[in-house]
Amino acid sequence: MSALDRILEGAVDMHCHSGPSPFPRRMDHVEAARMADSVGMRAIVVKSHHHPTVMDVRAMAPQLADMRTKVFGSIALNSMVGGLNPSAVDLALAMGAKVVWFPTISARRHQEHQQAHPDLKFPKPSMPLRKADVVDILDDTGALRPEVPVILRMIAQADAVVAAGHQAPDRIQILLEAARDAGVKRMIVNHPEYVIEATREQVVQFAETGALIEHECCMYDDASEFYHWGLPQLKGWIDLVGADRTSIGSDLGQTNNPLPIDSFKKMLGGLHDCGVSETDLRKMVRDNPARLLGLN
């Protein structure tokens, strides 16, 4: 077994964009799970910006039953599900969702970033859709909206994961502190260098508040439409907070982008060539995300 095979055996992808989705996808959840299973991955979390994927996973359960790779659903609190909607969160968690993403495409930061970067190849819907409304965790006075603590208590009771979404760094820090105060034990900040555009100091603060810092294959794979930086920059982010507080997700599944497992192999091999040890790579793709999901 090669070093890459050893690293991917038992790996967890916390950020898989398989379908169905209004954004064009290269594969559905069953196909994504089959690919992950082919390399011995332990689990994937499937994400949609538009709907709770936990219902997809339930519907596909017969097709997923014989696979070693577990598939977990999630919900993203964008305007398509009513934004900060405790009823939607309650239902998703009751049906088995493992991750609650705070606003992504409804985050003001996301929309301002898209407006400032019109050439950004962010996916476009394959059908006419109403533009996402802005969803903010703060009201006009700067106070947390009352729905946020309600949702955070639900997540804590379900022992699920808070994902910070595409919010501005100040919102993310406020959310992480509120989540910690509500008893949430599992928190993650995804691609803080992309859209969120957090400073290195802010990323350190996220980690010190208790969040796992996730970086994405799709932004460092030069075969991806979202390629932005080389692997030395990714190693710099890893070194900033250490492998113990870092994870690597694919953030892949989009049409015209590499398949998640192919990109994982490429990125892990490249990071190893940059001096990241096999032990640290296993932590970031296997141990840390598995611990975040509560997998024994």
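Q: How many cavities of 30 Å³ or more does the count come to?
A: In this predicted model, the count comes to 2 cavities of 30 Å³ or more. A space is called a cavity when a 1.4 Å probe fits in it but cannot get out.

Q: What volume does the largest cavity have, and which residues are the closest to its centre?
A: The volume of the largest cavity is about 120 Å³. It is lined by 14 residues, and H17, H49, F122, D251 and Q254 are the closest to its centre. Sorted by class, this lining holds 7 nonpolar, 5 polar and 2 charged residues.

Q: What makes D13 and P260 lining residues of the second largest cavity?
A: A lining residue must have an atom within 4 Å of a point of the cavity. D13 and P260 are in the lining of the second largest cavity, along with C16, M27, A32, M35, A36, M41, I44 and I261, so each of these residues meets that limit. The volume of this cavity is about 60 Å³.

Q: Which helices and strands each supply at least two residues of this second lining?
A: For the second largest cavity, they are β1 (12–16), α2 (29–38) and α11 (260–273). Of the elements in this lining, α2 gives the most, with 3 residues. By class, the lining divides into 9 nonpolar residues, no polar residue and 1 charged residue.

Q: Why is the largest pocket called a pocket, and how much space lies in it?
A: A pocket is an open set of points, unlike a cavity, from which the probe cannot get out; the name therefore says that this space is open. About 370 Å³ of space lies in the largest pocket. Among the 19 residues that line it, F23, H110, Q114, P125 and K131 are the closest to its centre. The lining of the largest pocket has 10 nonpolar, 6 polar and 3 charged residues.

Q: Which residues line the second largest pocket, and which element gives the largest share?
A: V57, A61, L64, A65, M67, T69, K70, V71 and F72 form the lining of the second largest pocket, in which about 170 Å³ of space lies. At least two of these residues come from α4 (61–64), and at least two from β3 (70–72). The largest share, 3 residues, belongs to β3. By class, the lining comprises 7 nonpolar residues, 1 polar residue and 1 charged residue.

Q: What makes β1 and β3 the edge strands of the open sheet of 3 strands?
A: The order of this open sheet is β1-β2-β3, with parallel pairing. Both β1 and β3 pair on one side only, and they are the edge strands. From one strand to the next, the twist averages 20°. Helix α12 (residues 278–293) lies across β1, β2 and β3 and runs at about 70° to β1.

Q: How do you know that β2 and β3 pair?
A: Two strands pair if there are at least two bridges between them. Strand β2 (residues 43–46) is joined to β3 by 3 bridges, so the condition is met. Within this parallel pair, K70 in β3 stands opposite A43.

Q: What is the order of the open sheet of 6 strands, and which are its edge strands?
A: The order is β4-β5-β6-β7-β8-β9, and the pairing is parallel. The edge strands are β4 (74–76) and β9 (246–249), each of which pairs on one side only. On average, neighbouring strands of this sheet are turned by 25° against each other, direction ignored. At one edge, strand β8 (residues 212–216) and β9 run parallel and are joined by 4 bridges. E216 stands opposite G249 in β9.

Q: Why are α10 and α11 called roughly perpendicular?
A: The axes of helix α10 (residues 231–241) and α11 cross at roughly 75° and come within 10 Å. Angles of 65 to 115 degrees count as roughly perpendicular, and α10 and α11 are therefore roughly perpendicular to each other. In their contact, L231, L234, K235 and I238 of α10 meet M267, G270 and L271 of α11. This contact has 5 nonpolar residues, 1 polar residue and 1 charged residue.

Q: What makes α8 roughly parallel to α9?
A: Helix α8 (residues 169–181) and helix α9 (residues 200–209) have axes that come within 10 Å and cross at roughly 10°. Angles under 35 degrees count as roughly parallel, so α8 is roughly parallel to α9. P169, I172, Q173, L176, E177 and R180 make the contact on the side of α8, and Q202, Q205, F206 and T209 on that of α9. By class, the residues of this contact divide into 4 nonpolar, 4 polar and 2 charged.

Conventions. Residues are numbered from 1 along each chain as its sequence is written. This is a predicted model: local features need pLDDT of at least 70, side-chain atom pairs count only at pLDDT 80 or more; totals for chains, interfaces and linings use all residues. Side-chain values use heavy atoms; hydrogens and water are left out. On a 1 Å grid over the protein atoms alone, a cavity is a set of points where a 1.4 Å probe fits but cannot get out, and a pocket is an open set with protein on both sides within 12 Å along at least five of seven lines; lining residues have an atom within 4 Å of a point. Grid points are joined across faces, edges and corners, and a volume is the space filled by probe spheres set on the points. Ala, Val, Leu, Ile, Met, Phe, Trp, Tyr, Cys and Pro count as nonpolar, Asp, Glu, Lys and Arg as charged, and the others, Gly among them, as polar. Axes are lines fitted to C-alpha atoms, for helices over the stretch in contact, and angles run from 0 to 180 degrees between N-to-C directions. Contact means heavy atoms within 4.5 Å. Angles under 35 degrees count as roughly parallel, over 145 as roughly antiparallel, 65 to 115 as roughly perpendicular and the rest as oblique.
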